[in-house]
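Please walk me through this structure, beginning with how its strands pair and ending with how its aromatic rings are arranged.

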Amino acid sequence: NQPSAYAINAILNPAINVLEGIEVKSLPLVNEDNWIKYYRKFSEEFIGNSTNSNRCTFVNPEIIEFSYSDSLDTYEAVLKEPLVMENKGLGYKVIFEIDYFRSNIKETRFHVRASFEPMEPDNHRTKKRWKKNRQRSYLGSKFHFLKSLMNDDLKSEGYQVFKTTDLSLVSAYRPVRQKSEIISTDDLGRTYLDFEGYLVVDYLKEYQHPSYNDPVINKPVYGTVVNSGVSSGNLTQRSSVELDDEKVRILKNGQIANPEEIQFYGYWSWERMSELMPIDYDAKSDN
């Protein structure tokens, strides 16, 4: 039997909903006289003050516009095209797509996507220096930690990890001895950071940079980033991690699926884009 076809004529009564007015506000752009002041602030916040910061330059800084709000005491960087940075400390040209960047006295927040193009070294000496600097920047970084965590080799890679609910109370630190204490897996095999309170992460194979300042709790670093508040007595690199969601997914390559769901404090918050390395960097092959 062939299926029957039906035509239905129907009349629908229209329903009209009137929405309340929406007010769209934007921060006023700063004038040319004040542009250099905000550019210097932006450069320090974005590039940082670590080892490679003096070797980083923006190729196209003229594309950046800044807006400022007196009432919020906040400035924003507005970019309609990618910002290009040459990192002559690591030998990369880095292209940043910046979704947003805003900063005030309490914090700096930005969301970027970065792609890397290797630069050609002038000579073998430069190539050797770049390889050494890349390894130094990668080892002890957030990416290195997360990959080491996924591979369950934190100890051999130089990490000591604690859980705590109070960063200022060292006696409350509890050592993390197994990956399962801070990692969970769902029915589909997806992996998550899953813990309450904070993780405190010590990287024992490298000392802090001399210009790094480890302030008391809640004191801003460079006016923007709050440190973990715990003094590293042996001057090794100490960072802390807080989840903004109940659990945060980690991809197989060690990258956070949604970076806005996690906050990093301490040394990792101090290291900025001058130390950023590609997620697929391999310290052994340096590809």
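Two strands are taken as paired if DSSP finds at least two bridges between them, and with that in mind one can read the register of the sheets in this model, which is a predicted one. In strand 14, for instance, Q237 is the bridge partner of Y203. That position belongs to a wider run of pairing, since strand 11 is joined to strand 14 (residues 236-243) by seven bridges, the two strands running antiparallel.

Before following that sheet further, it helps to have the whole chain in view. The protein chain has 287 residues, of which 42% count as buried, and its secondary structure consists of five helices and 16 strands. Among contacts between residues at least 6 apart in sequence, 65% join residues that are at least 24 apart. The accessible surface of the protein chain comes to about 17800 Å², and carbon and sulfur atoms account for 48% of that area.

Strands 11 and 14 belong to an open sheet of five strands, whose order is 8-7-11-14-16 and whose pairing is antiparallel. At the edges stand strand 8 (174-175) and strand 16 (262-266), each of which has a single partner strand, so one side of each is left without a neighbour in the sheet. Strand 7 (residues 159-164) is joined to strand 11 (residues 198-207) by six bridges, again in antiparallel fashion; along this pairing K163 stands opposite L199, while T164 has Y198 as its bridge partner in strand 11.

A second open sheet is made of three strands in the order 9-10-15, also with antiparallel pairing. Here strand 9 (183-185) and strand 15 (248-250) are the edge strands, and because each has a single partner strand, one side of each is left without a neighbour in the sheet. Neighbouring strands of this sheet are turned against each other by 40° on average, direction ignored. Three bridges join strand 10 (residues 191-193) to strand 15, the two running antiparallel, and L193 stands opposite V248 in strand 15.

What does helix 3 touch in this three-stranded sheet? Helix 3 packs on the sheet through contacts with strand 9, strand 10 and strand 15, and its direction makes about 125° with that of strand 10. Helix 3 (residues 142-150) is mostly covered, seven of its nine residues being buried, and these are H144, F145, L146, K147, S148, L149 and M150. After the helix comes D152, whose phi is positive, near 60°.

The nonpolar interior can be taken next. In soluble globular proteins, nonpolar side chains tend to be buried together. The largest nonpolar core of this model has 26 residues, among which F42, F46, F58, I64, F66, L83 and I98 touch the most other members. The elements giving two or more residues to this core are helix 1 (32-47), strand 1 (56-58), strand 3 (74-78), strand 4 (83-87) and strand 5 (92-103). When its neighbours within four places in sequence are left aside, F42 is in contact with I47, F58, I64, F66, Y75, A77, L83, I98 and F101. A second, separate core of 23 residues includes V176, I183, L193 and V201, and L193 is the residue already met opposite V248 in strand 15.

The aromatic rings remain to be considered, and the count of pairs comes to 27. The rings of Y159 and Y203 have their centres 5.0 Å apart and their planes at 45°, so the pair is tilted. This pair links distant parts of the chain, with Y159 in strand 7 and Y203 in strand 11, 44 residues apart. Both partners are covered: Y159 counts as buried at 5% relative accessibility, and Y203 is buried with a relative accessible area of 4%. Another pair is formed by Y212 and W270, whose ring centres are 5.3 Å apart and whose planes are at 65°, so this pair is edge-to-face. Because Y212 lies in the loop between strand 11 and strand 12 (220-221) and W270 in helix 5 (residues 267-270), the pair ties together parts that are 58 residues apart in sequence. Y212 is buried, with a relative accessible area of 7%, as is W270, with 4%. Elsewhere, one aromatic cluster is formed by W35, Y38, Y39, F42, F46, F58, F66, Y68, Y75, F96, F101 and F110.

Definitions and conventions
Residues numbered from 1 in each chain as written. Predicted model: local features only at pLDDT ≥ 70, side-chain atom pairs only at ≥ 80, totals over all residues. Heavy atoms only, no water. Buried < 20%, exposed > 50% of the residue type's maximum accessible area, 1.4 Å probe, protein only. Helix = DSSP H or I, 4+ residues; strand = E, 2+ residues; numbered from the N terminus. Contact = heavy atoms within 4.5 Å. Areas by Shrake-Rupley, 256 points an atom, 1.4 Å probe, with all protein chains shown as cover. Core = buried A, V, L, I, M, F, W, Y, C linked by side-chain atoms within 4.5 Å. Phe/Tyr/Trp six-rings, centres within 6.5 Å; stacked < 30°, edge-to-face > 60°. Axes fitted to C-alpha atoms, helices over the stretch in contact; angles between N-to-C directions.
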